[in-house]
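Me: I would like to go through a protein structure with you. Could you show it to me?

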Amino acid sequence: MKMPISFLLNKSSITGIVLVFLNLLWACAGHTVTDDATDTPSSGDVNIVVDESFQQLFDTQIYTFQSFNKDARIHVKYLPENESLKLLIEDSCKVTVMCRDLTSEERKNFETANIYPISTKIAEDAIAILVHPENTDSTLTVQKLKSILLGTDSTWKQINEKSELGKIDVVFDNAGSANARYMVDTLLQGHHFAKNVFAVKSNPEVIEYVNKNKNAIGILSVNWISDQDDTLTQHFLKKVKVVAISKDEKSEAFKPYQAYIKTKDYPFIRSVYMINRQTRRGLGMGFVNFVAGQKGQLMILKNGLIPSIAPVRMVEITTDNQQ
């Protein structure tokens, strides 16, 4: 189902929602929310919410952590970014995974309630741009993509006069997703999307839509297409073409490969944080420490992202072929 996202919330709007929910929470409770100290770093139950962009990665992280800790039960929900933050504020979860840290205002509001969330940067991620496999325009500049999202360039002929394709449709994974919020905040600097920009309900739906619509551009987390050994990733990559992005007309274009995320040659990069409001030594903290530790960081590396804590060894390979 298509969902227009011209009304997408920016950071200031999200902060407003934060204030509303915190005020409601304090008014209803009348006291400081405290953790139920029935768990340890390796046992018990904890609710976490993960940005749905990272479902594949955290399915593996949770499975591995619970394999090592048989008495640990992590209950996870995969939701868009705006819903993840809402549940963290309401204390419906102890840990959330988001593509940004809390703002200073959001953190101040938590601290007013004697809650001091701990943010741990665990990875660097990128946003991938997808087109139909038969689309010959496999390279875009940052400015061209911005013009498409604003509606200034609305047809493929405006991008390439030789193109036989028609009107451009741009599809995101969800109206409240981190991917859409990133593009509004970073690329569009707060301006609204054009009317031809809409959302479906998940990252796999983005891939399916682009596969069935030759005019479409899909925007999703690179995490869904970065693990080359994963059979689901291999299946997805047969259905779409990944676009190379250049910073301007004179610059070389790069795809969101791991090496180019590390060197920041690919332009659409963001940090991934685990935000833990369970600041005592409970299961939430234990799981964050696992993801930030050697085993968790190696899984992040294998998943095609850049680990933030464990060192990454870069190897330069000389080749005559293009990336």
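Reply: Here are some notes on this structure, beginning with where the model comes from. This is a predicted model, in which local features need pLDDT of at least 70 and side-chain atom pairs count only at pLDDT 80 or more, while totals for chains, interfaces and linings use all residues. Residues are numbered from 1 along each chain as its sequence is written, and side-chain values use heavy atoms, with hydrogens and water left out.

Me: How many helices and strands does the protein chain have?
Reply: The protein chain has 12 helices and 13 strands. Helices (H or I, at least four residues) and strands (E, at least two) are DSSP runs, numbered from the N terminus.

Me: And what percentage of the residues is buried?
Reply: Of the 323 residues in the protein chain, 52% are buried. Buried means under 20% relative accessible area, exposed over 50%, and partly exposed in between (1.4 Å probe, protein chains only).

Me: Why is helix H7 largely enclosed?
Reply: Helix H7 covers residues 178–187, and 8 of its 10 residues are buried, so the rest of the structure largely encloses it. Among the buried residues are Tyr182, Met183 and Leu187. Just after H7, Gln189 has a positive phi of about 50 degrees.

Me: What about H11?
Reply: In helix H11 (residues 283–292), 9 of the 10 residues are buried, so H11 is also largely enclosed by the rest of the structure. Its buried residues include Phe287 and Phe290.

Me: New topic: where is Val50, and which residues does Val50 touch?
Reply: Val50 lies in strand E2 (residues 44–51), and its relative accessibility is 0%, so Val50 counts as buried. Leaving aside residues up to four places away in sequence, Val50 touches Phe58, Val76, Lys77, Tyr78, Leu79, Ser84 and Val97; contact means heavy atoms within 4.5 Å.
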